[in-house]
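Biologist: Could you take a close look at one part of this model for me, namely the surroundings of a single arginine in a loop, and then follow the side-chain pairing outward from there? I would like the geometry spelled out with care.

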Amino acid sequence: MEKMLFRLSDHDDFFSRRCVWVNGPVIVGAGPSGLAVGACLKEQGVPFVVLERAECIASLWQNRTYDRLKLHLPKQFCQLPKMPFPESFPEYPTKKQFINYLESYAKRFEINPRFNECVQSAKYDETCGLWRVKTVASAAASSCNGGNHSEVEYICRWLVVATGENAERVVPDIEGLGEFRGNVMHACEYKSGETFRGKRVLVVGCGNSGMEVSLDLCNHNAVPSMVVRSSVHVLPREVFRKSTFELASMMMRWLPLWLVDKLMLILAWLVLGNIEKFGLKKPSMGPLELKNTLGKTPVLDIGALEKIRSGDIKVVPGIKRFFPGSVELVNGEKLDIDSVVLATGYRSNVPFWLQESQFFCKNGFPKASFPNGWRGYAGLYAVGFSRRGLSGVSMDAMRIAQDIGNVWKQETTQKPKTTACHRRSISQF
């Protein structure tokens, strides 16, 4: 006897929205992770649907990054599967070049995401053995549709989570921030230091974004102070004209991680000198171990240290509280400031919409560590959560496509079964 398609308790909900049967996986997210999985599935001959809440691919890169941004690693470590960067691109492609590459990638593999569809929930229905992914039209789409929030439910056998590590900005709760009368923005809203000329700007955070925003502010004749609350590893982007990342990767083939960490710190000291005297304290854990265990990326210096040495970027300790036109630091010092840029990072948004607790942790990352965090249970997959950048994305994408493709090819060679469905409620993709 055939299983009922849905539980009776879900009957009213099922018939209240348009339902779409996806003959293949649903991929949530049209950033580099979602595009990479789509391209690899295309090579396997597996159909799929990509859902994207924004109006474009790679919305983080297109809408929430600053103008001067370049890839931090050489292009050979950042290319997606099946398509290298053009030879004409520099070793560190610009933001615009990377976006052009992604758009060409989507066009080449005929990946056409369904834009402005925001996933509200996704859960596995054990009764029918399928995933139910509920979406609603995002604000941009609904405004074009007369304010109607059209709802769709996608029904699929496989679900690929490709929303990534940086889906939502993190805004810290700092005493008095709401009272501050100047301009406050997150780094995802920052575009250029042009609008801050002559202004005193407090940059909260000392990661790659905080360092680059501070450097950009300097280059536009602003006066930045950078909050360094915790320890941070700062490495040169290149050593002996070779990428630091490439050098570390080469050493990891032959040496244990702890020894590579030691060697990288020695090289950093030789190139950059003692940076602790400028208020940049090193963590007790090595840079690679810290990245692998806690996901904290070391800063790759592209010029900010020189500005710190010269005093153009002032390093300050943690914040105690804000006042209408100033900030008090934990050491009692007060600074008069005009603007605040929160370079306080991002987080995964998976816990807000994926209704499951076996595969993902509460922080929105897979429970299993690399290289085992790409496959869950019952057709659930994750791509872009390995904390290994775009090279990790490529590895995850190829494994996922291969896994789904093996099942797809095996089953499509068998005699297809006829499945009954409610013709008025379910359309097929």
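Modeller: What follows begins with that loop arginine and then moves to the helix that its partner belongs to, to other charged pairs and to the aromatic rings.

The model is a predicted one, and every value below is computed from it. The arginine in question is R157, which lies in the loop between β6 and β7. With a relative accessibility of 33%, R157 counts as partly exposed. Its side chain meets that of E411 in a salt bridge, with N and O 2.5 Å apart. Because R157 sits in the loop between β6 and β7 (159-161) while E411 belongs to helix α11 (residues 389-412), this pair ties together parts that are 254 residues apart in sequence. E411, at a relative accessible area of 35%, is likewise partly exposed.

The wider surroundings of R157 can be read from its contacts. Setting aside the neighbours within four places in sequence, R157 is in contact with G24, L130, W131, A378, G379, V407 and E411, so that the salt-bridge partner E411 appears again in this list. There is also a long-range approach of the backbone, since the C-alpha atoms of R157 and V22 are separated by 8.0 Å although the two residues are 135 apart along the chain.Helix α11, which holds E411, also packs against another helix. Helix α2 (residues 32-44) and α11 meet at an angle of about 35°, with their axes 8 Å apart, and the crossing of α2 and α11 is right-handed. On the side of α2 the contact is made by P32, S33, A36, V37, C40, L41 and Q44, and on the side of α11 by L390, V393, A397, M398, I400, A401, Q402, I404, G405 and K409. Sorted by class, the contact of α2 with α11 has twelve nonpolar, four polar and one charged residues.

The salt bridge of R157 can be set beside others in the model, for a search of the whole structure finds 15 salt bridges. One of these joins the side chains of R132 and E153, with N and O 3.0 Å apart. R132 lies in strand β5 (residues 130-137) and E153 in strand β6 (residues 151-156), so this pair ties together parts that are 21 residues apart in sequence. R132 is buried, with a relative accessible area of 1%, and E153 counts as buried at a relative accessibility of 0%. The pair also belongs to a network of salt bridges that links D125, R132 and E153.

R132 has a further neighbour in S121, a residue of strand β4 (residues 117-125). S121 counts as buried, at 11% relative accessibility. Not counting residues up to four places away in sequence, S121 touches R132, V133, K134, W353 and Q355.

Another salt bridge is formed by R197 with E194, the closest N and O atoms being 3.0 Å apart. Here R197 counts as partly exposed at 41% relative accessibility, and E194 is partly exposed with a relative accessible area of 44%.

The aromatic side chains make up the last part of this account. A pair of aromatic rings is described by the distance of the centres and the angle of the planes. Across the whole structure, a search finds 17 aromatic pairs. In the pair of F85 and Y101 the ring centres are 4.0 Å apart and the planes stand at 25°, so the pair is stacked, the cut-off for stacking being under 30 degrees. F85 lies in the loop between α3 (59-63) and α4 (95-108), whereas Y101 lies in helix α4, so the pair ties together parts that are 16 residues apart in sequence. F85 is buried, with a relative accessible area of 6%, and Y101 is buried as well, with a relative accessible area of 2%.

W374 and Y381 form another such pair, in which the ring centres lie 6.2 Å apart and the planes are at 15°, so these rings too are stacked. W374 counts as buried at 11% relative accessibility, and Y381 counts as buried at 5%. Returning to F85 and Y101, ring pairs link these two residues with W61, F89, F98, Y105 and F109 into a cluster.

Note on methods:
Residues numbered from 1 in each chain as written. Predicted model: local features only at pLDDT ≥ 70, side-chain atom pairs only at ≥ 80, totals over all residues. Heavy atoms only, no water. Salt bridge = Lys/Arg side-chain N within 4 Å of Asp/Glu carboxyl O. Helix = DSSP H or I, 4+ residues; strand = E, 2+ residues; numbered from the N terminus. Buried < 20%, exposed > 50% of the residue type's maximum accessible area, 1.4 Å probe, protein only. Axes fitted to C-alpha atoms, helices over the stretch in contact; angles between N-to-C directions. Left-handed = near helix turned anticlockwise from the far one by under 90°. Contact = heavy atoms within 4.5 Å. Nonpolar A, V, L, I, M, F, W, Y, C, P; charged D, E, K, R; others polar. Phe/Tyr/Trp six-rings, centres within 6.5 Å; stacked < 30°, edge-to-face > 60°.
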